[in-house]
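Below are my notes on the model, set out as numbered points. Please read them with the coordinates open.

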Amino acid sequence: MLLPESMSRIVIVGNKSRLDDMIDILYSIDAVHLIDHTTGQDEGFSIGKPRPYSSKASERLLALRTTEKDLGIKLKGVEMEPISVKDIEAEISSNGVESVMSEVMAAIDEKNRIVQNVADLKAQELSLQKLSKLPINLELYNGYESIAVLVGSIKADPSKALDALPDAESFVSYSKEGGIVAVFIKKSEKDKATSVLSEYGYSEIQVPDISGSPVDALATTQAAITAAEAELVNVEARLAELSEKNKSFIVASDEQLTLTVRKGELPMRIATSDYSFVIDGWVPAKDVDDVIAKINDAMDNNVYIEVEERSRGRSLHEEEENEPRFQKAPTKMKNGAVGKRFEFPTKLISVPKYQEIDPSTIIAIFFPFFFGFMVGDLGYAIPFICLGALGLRHSKTREFQAIGTVLFYGGIWAAIFGFFFFGEMLGMHFVTPHPSADQISELISSGLIDPTMTDVHNWGTAEYMALMELTHEVSWEQLLMKYSGNIVLMPEWFTDILIDGHGISKLGKATFLLKLSVYMGVVHLFIAYLVGFLNASRMHGFKEGYLEKGGWIFTFIGMTVFCYALTTVMFGGDGIEMMKPSTWPSSTLPILGVGALILVIGVASCFPKEKMQAILELPGIVGNILSYTRLAAIGMSKAGMALAFNYIAFIMLGGGVFGIIVFVIGHLMIWVLAIISAGLHGLRLQYVEMMNKFFIGGGVEYTPLAEKRKHTKNTETEA
């Protein structure tokens with residue numbers, strides 16, 4: 001946990017004639033992260049050539065991908081029973097891919113022909129619809145030796161303008177209804193006529209090379225379009241049948257051919273000579289002996305395997321001693337079942353280096369905790385948990401899995417805070433907070449309750465309704481009283497499990513919640529500084545680690561203690577009196593002194609490395625701590641919106657139909673905003689405030705050679 005898995009580097013040497021067997025074994029054991037060979041790294045060795053079967057497999061895979069696109073098959077969306085590798089390879093070898101592709105391409109060609117025919121017919125239909133407005137048969141538009149025919153759309157009748165042309169004789173047929181004109185004129189005068197027509201917005205229309213009346217031709221064309229579209233439907237139905245018929249084969253073949261191509265091209269990453277091959281790779285240290293045993297067993301001990309590094313250390317000095325290709329050990333993140341679900345946010349930034357602590361587990365602890373604190377409402381938490389569980393169970397993509405993770409675990413914390421700490425659901429406390437003496441006096445002076453009702457334990461429904469009118473706050477007890485007409489109070493055991501008997505009021509206890517947020521931030525940031533020190537010590541040694549990161553721990557602690565004492569002074573006095581040390585609490589001066597001393601030690605420790613930055617960064621520490629007040633601020637903002645909607649729904653509108661509509665719409669809006677605000681700000685505190693204190697990133701993710709199969713399977717005999 002926290003640190004990536006320890007890695008070992010192994011070298012495998014064998015006879016080149018058994019390279020294919022070796023490749024199959026590497027893929028089957030799913031443990032070796034290959035180190036790519038580059039020509040010139042080892043004398044006498046060069047990168048290998050693709051295996052003979054790779055070229056044909058690539059051609060078939062390309063053809064298959066084209067077929068998938070034509071049939072609209074998406075690999076991720078296909079659910080099917082896995083097909084035996086032996087069976088699918090037999091079909092592929094017997095030209096199954098070529099057969100399917102030939103059948104599909106014939107249907108596709110037919111479809112394309114029909115689509116083009118329909119497009120041509122519709123263009124002809126459009127022309128005939130316009131030509132039908134003129135009383136001229138279609139054969140009369142062409143076939144002349146000395147006459148030019150101009151036919152097209154036009155904005156107005158050009159007859160007078162054409163008649164005004166000198167030495168130009170023309171026949172003009174114009175339809176105002178269709179906005180179309182046909183001009184018959186000498187070929188020698190065509191350019192002049194075209195110039196005149198252009199002034200009227202002339203746009204040429206192609207006359208179909210057919211004869212007869214345009215109206216009759218239009219009817220014939222429309223019938224041809226109907227027939228062609230019916231033919232197109234039949235072809236598309238045939239393609240759908242081909243898709244359904246061959247879907248399983250296509251998907252399984254794609255998976256098998258993809259793996260075959262990868263295996264066939266793997267020698268291009270391996271060192272080979274005329275007679276041998278050399279494979280360098282990383283293996284998790286705990287699996288080394290098991291991997292060696294599996295390879296020797298499968299290869300009948302006909303390969304030589306040497307462990308170059310039994311367990312790569314975490315020191316950067318040890319890394320730099322190796323050749324460039326062997327320097328970076330891959331990172332295999334090692335987290336528990338819950339922590340693993342929070343690796344996605346870490347990878348959004350970068351893969352952790354092999355030497356540094358993986359922040360995923362820390363994010364898994366604090367991100368849902370902060371999310372839950374900001375939401376802090378049982379009514380919003382329950383849908384979060386349900387949606388999150390649904391997403392974790394059914395989501396296929398990493399993005400939706402990540403969203404489901406936040407909603408589920410954040411929803412659990414929101415339910416815990418909402419029930420036990422804040423004691424509220426949908427912005428309303430379960431238990432009505434006891435009124436203060438001032439509130440009781442105001443109720444009496446306003447005539448809302450009887451002067452004898454100063455003891456809350458003697459209150460009835462009327463008094464609780466009056467309190468609701470005064471405070472504008474609604475509790476579930478008051479709602480139940482309002483609609484039942486009877487006194488409804490939560491049992492004593494229920495109030496005992498709530499903080500203060502009714503939960504913390506987000507708006508009434510703002511100061512307390514802001515302080516609590518700051519304390520959460522102090523803990524979160526202290527862990528970040530501590531992890532930074534551990535990382536630096538591991539990479540560079542204790543001395544360098546202390547100079548680089550250790551001093552910041554003392555600086556942070558000193559600044560925190562100093563600010564704590566200072567705020568006690570600032571907010572503990574009255575006016576100018578707070579500036580007099582004689583008025584300070586007796587414990588303040590020692591705390592202030594201790595904080596200042598630790599702060600000086602921290603700055604002095606950082607100064608050799610950071611220089612003036614060690615001093616300039618001090619306000620930034622305070623800013624980082626105060627940034628956590630957003631935890632309380634977001635919770636209070638949602639509480640304020642909930643209070644407003646509840647007031648409108650149950651006090652202003654009396655809880656009627658319109659009141660319920662306002663209540664539902666309002667809380668749906670708050671619920672959506674809760675996801676966005678709590679999610680984004682919770683993530684920001686991980687990225688900006690915490691991770692930038694220690695996270696470097698830039699690691700190489702551990703990606704072992706593996707047969708990842710979903711639609712195909714190896715039977716026991718094949719294995």
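1. V233 is part of helix 7, which spans residues 214-265. This is a predicted model. The relative accessible area of V233 is 52%, so V233 counts as exposed, the cut-off being over 50%. Its C-alpha atom is separated by 54 Å from that of A164, and the two residues are 69 apart along the chain.

2. Helix 7 also matters for the account of the largest pocket, whose volume is about 1500 Å³. The lining of this pocket comprises 41 residues, and K347, K396, R398, E701 and K708 are the closest to the pocket centre. Helix 7 gives the most to the lining, namely six residues. At least two lining residues each come from strand 2 (33-34), helix 7, helix 11 (337-341), helix 12 (343-349) and helix 15 (398-421).

3. Enclosed space should be listed separately from the pocket. The count is four cavities of 30 Å³ or more. The largest cavity has a volume of about 40 Å³. Its lining is made up of E319, K328, A329, K353, Y354, Q355 and G699.

4. Which residues of helix 1 are buried? They are L19, M22, I23, I25, L26, Y27 and I29. The cover over these buried residues includes helix 7 and helix 8, together with strand 1, strand 10 and strand 11. Just after helix 1, D30 has a positive phi of about 55 degrees.

5. Helix 8 (residues 288-298) has V288, V291, I292, I295 and N296 as buried residues. These residues lie on the same side of helix 8, because the arc they cover around the axis is only 125 degrees. The general rule behind such a pattern is that an α-helix has 3.6 residues a turn, so residues three or four places apart point the same way. On the face turned away from the buried side, helix 8 carries D289 and D297, which are exposed.

6. The surroundings of helix 8 can be read next to point 4. Among the elements that cover the buried residues of helix 8 are helix 1 (19-29), strand 1 (7-15), strand 10 (276-284) and strand 11 (303-309). Helix 8, in turn, is included in what covers the buried residues of helix 1. Just after helix 8, D300 takes a positive phi of about 55 degrees.

7. Next is an open sheet of four strands in the order 6-7-5-8, with antiparallel pairing. Why is one side of strand 6 and of strand 8 left without a neighbour in the sheet? Strand 6 (170-175) and strand 8 (203-204) stand at the edges and each has a single partner strand, so one side of each stays unpaired in the sheet.

8. The pairings in this sheet can be taken one by one. Strand 6 and strand 7 run antiparallel and are joined by six bridges, with Y174 having V181 of strand 7 as its bridge partner. Strand 5 and strand 7 are paired in the antiparallel sense over seven bridges, and S153 stands opposite I180 of strand 7. Strand 5 (residues 147-153) is joined to strand 8 by two bridges, again antiparallel; here G152 is the bridge partner of E204.

9. The connection between strand 6 and strand 7 is a hairpin, with four residues between the two strands. G179, in the turn, has a positive phi of about 60 degrees.

10. Is strand 7 mostly covered or mostly open? Strand 7 is mostly covered, with six of its seven residues buried. Helix 6 (residues 190-198) lies across strand 5 and strand 7 (180-186). The angle at which helix 6 runs to strand 5 is about 15 degrees.

11. A last point concerns H524, found in helix 20 (residues 510-540). Is H524 buried or exposed? The relative accessibility of H524 is 0%, so H524 counts as buried, the cut-off being under 20%. Leaving aside residues up to four places away in sequence, H524 touches F366, F370, Y628, L685, Q686 and M690.

Notes: Residues numbered from 1 in each chain as written. Predicted model: local features only at pLDDT ≥ 70, side-chain atom pairs only at ≥ 80, totals over all residues. Heavy atoms only, no water. Pairing = 2+ DSSP bridges. Contact = heavy atoms within 4.5 Å. Axes fitted to C-alpha atoms, helices over the stretch in contact; angles between N-to-C directions. Buried < 20%, exposed > 50% of the residue type's maximum accessible area, 1.4 Å probe, protein only. Arc of directions from axis to C-beta. 1 Å grid on protein atoms, 1.4 Å probe; cavity = no way out; pocket = protein on both sides within 12 Å on 5 of 7 lines; lining within 4 Å. Points joined across faces, edges and corners; volume = space filled by probe spheres on them.
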